[in-house]
Amino acid sequence: MFTIMEQQIVHACGHEQVHVIYGFDTQVARKARWLRTTKCRACFVADKKVEQTEAAARDSTTIAHLDLPPLTGSERQVTWAETIRINRLAKLMTSPHTSAEADCDLCLRIYDAKWWIDHRDLSPADFLIQALRHLQIAGMPANGQRSVAA
Ligand SMILES: [Zn+2]
């Protein structure tokens with residue numbers, strides 16, 4: 001029989017939470033059993049936050065030697081894009097697509113916060129292709145030479 005039921009589950013962390021479980025009887029029983037082995041929503045979110053904070057700290061350490069130029073955009077865009085950029089650079093440092101130096105050098109020449117946000121989900125290969133394209137469109141040669149003498 002197909003059922004939809006509310007069940008009070010005592011989670012592995014000791015907290016109780018009401019869950020709406022639906023499915024056939026055997027599935028409901030299995031789902032309830034499985035839920036009891038997991039943490040409650042609040043603990044899950046808290047764990048995730050700690051993980052993210054630790055990952056961000058690790059990433060910042062990985063790229064501590066890089067000189068990050070300021071990004072342009074609205075305050076909200078810049079804050080978000082800075083997080084994305086740190087994460088992306090750290091990934092490229094630890095597993096570079098070409099070489100860590102070349103990859104990061106390319107990335108550090110993109111100042112547009114919106115660009116970072118728009119391209120946050122790309123694979124490293126696609127990301128670098130887009131980065132190269134962006135810099136070419138912006139009129140900056142990709143070989144590391146500035147088009148205008150400083
Ligand atoms: Zn809990």
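Helices α3 and α4 are roughly antiparallel to each other in this predicted model. Their axes cross at roughly 160 degrees, and an angle over 145 degrees counts as roughly antiparallel. The two axes come within 8 Å. Helix α4 spans residues 100-107. The crossing of α3 past α4 is right-handed. On the α3 side, the contact is made by L89, L92 and M93. On the α4 side, A100, D103, C104 and C107 take part. By class, the contact of α3 with α4 holds 6 nonpolar residues and 1 charged residue, with no polar residue. Asp counts as charged, so D103 of α4 supplies the charged member of this contact.

Helix α3 also packs against α2. Helix α2 covers residues 41-62, and helix α3 covers residues 75-94. Their axes come within 9 Å and cross at roughly 60 degrees. The two helices are therefore oblique to each other. At roughly 60 degrees, the angle is neither under 35 degrees, the bound for roughly parallel, nor within the 65 to 115 degrees of the roughly perpendicular class. The crossing of α2 past α3 is left-handed. Helix α2 contributes D59, S60 and T62 to the contact. Helix α3 contributes I86, N87, A90, M93 and T94. The contact of α2 with α3 divides into 3 nonpolar, 4 polar and 1 charged residues. Residue M93 of α3 thus takes part in the contact with α2 and in the contact with α4.

A further pairing joins α4 to α6. Helix α6 runs over residues 124-137. The axes of α4 and α6 come within 9 Å and cross at roughly 50 degrees. That angle makes α4 oblique to α6. The crossing of α4 and α6 is left-handed. From α4, the contact draws on D103, L106 and C107. From α6, it draws on F127, L128, A131, L132 and L135. The contact of α4 with α6 has 7 nonpolar residues, no polar residue and 1 charged residue. Residues D103 and C107 of α4 appear in this contact and also in the contact with α3.

At the level of the whole chain, the protein is divided into two domains, domain 1 (2-39) and domain 2 (70-137). Their centres, taken over C-alpha atoms, are separated by 42 Å. Helix α3 (residues 75-94) falls within the bounds of domain 2 (70-137). Helix α4 (residues 100-107) and helix α6 (residues 124-137) also fall within those bounds.

Two residues were examined within the bounds of domain 1 (2-39). Residue H19 lies in strand β2, which spans residues 16-24. The relative accessibility of H19 is 15%, so H19 counts as buried. Beyond its neighbours within four places in sequence, H19 is in contact with M5, E6, Q7, I9, H11 and L35. One of these residues, E6, is 13 residues away from H19 along the chain. The C-alpha atoms of H19 and E6 are separated by 5.5 Å.

Residue T38 lies in the loop between α1 (25-36) and α2. This residue is likewise buried. The relative accessible area of T38 is 18%, and the cut-off for buried is under 20%. Leaving aside neighbours within four places in sequence, T38 is in contact with H11, A12 and C13. Residue H11 is thus in contact with T38 and with H19.

Key: Residues are numbered from 1 along each chain as its sequence is written. This is a predicted model: local features need pLDDT of at least 70, side-chain atom pairs count only at pLDDT 80 or more; totals for chains, interfaces and linings use all residues. Side-chain values use heavy atoms; hydrogens and water are left out. Axes are lines fitted to C-alpha atoms, for helices over the stretch in contact, and angles run from 0 to 180 degrees between N-to-C directions. Helices (H or I, at least four residues) and strands (E, at least two) are DSSP runs, numbered from the N terminus. A crossing is left-handed if the near helix is turned anticlockwise from the far one by less than a right angle, and right-handed if clockwise. Contact means heavy atoms within 4.5 Å. Domain bounds come from an automatic or database domain assignment. Buried means under 20% relative accessible area, exposed over 50%, partly exposed in between (1.4 Å probe, protein chains only).
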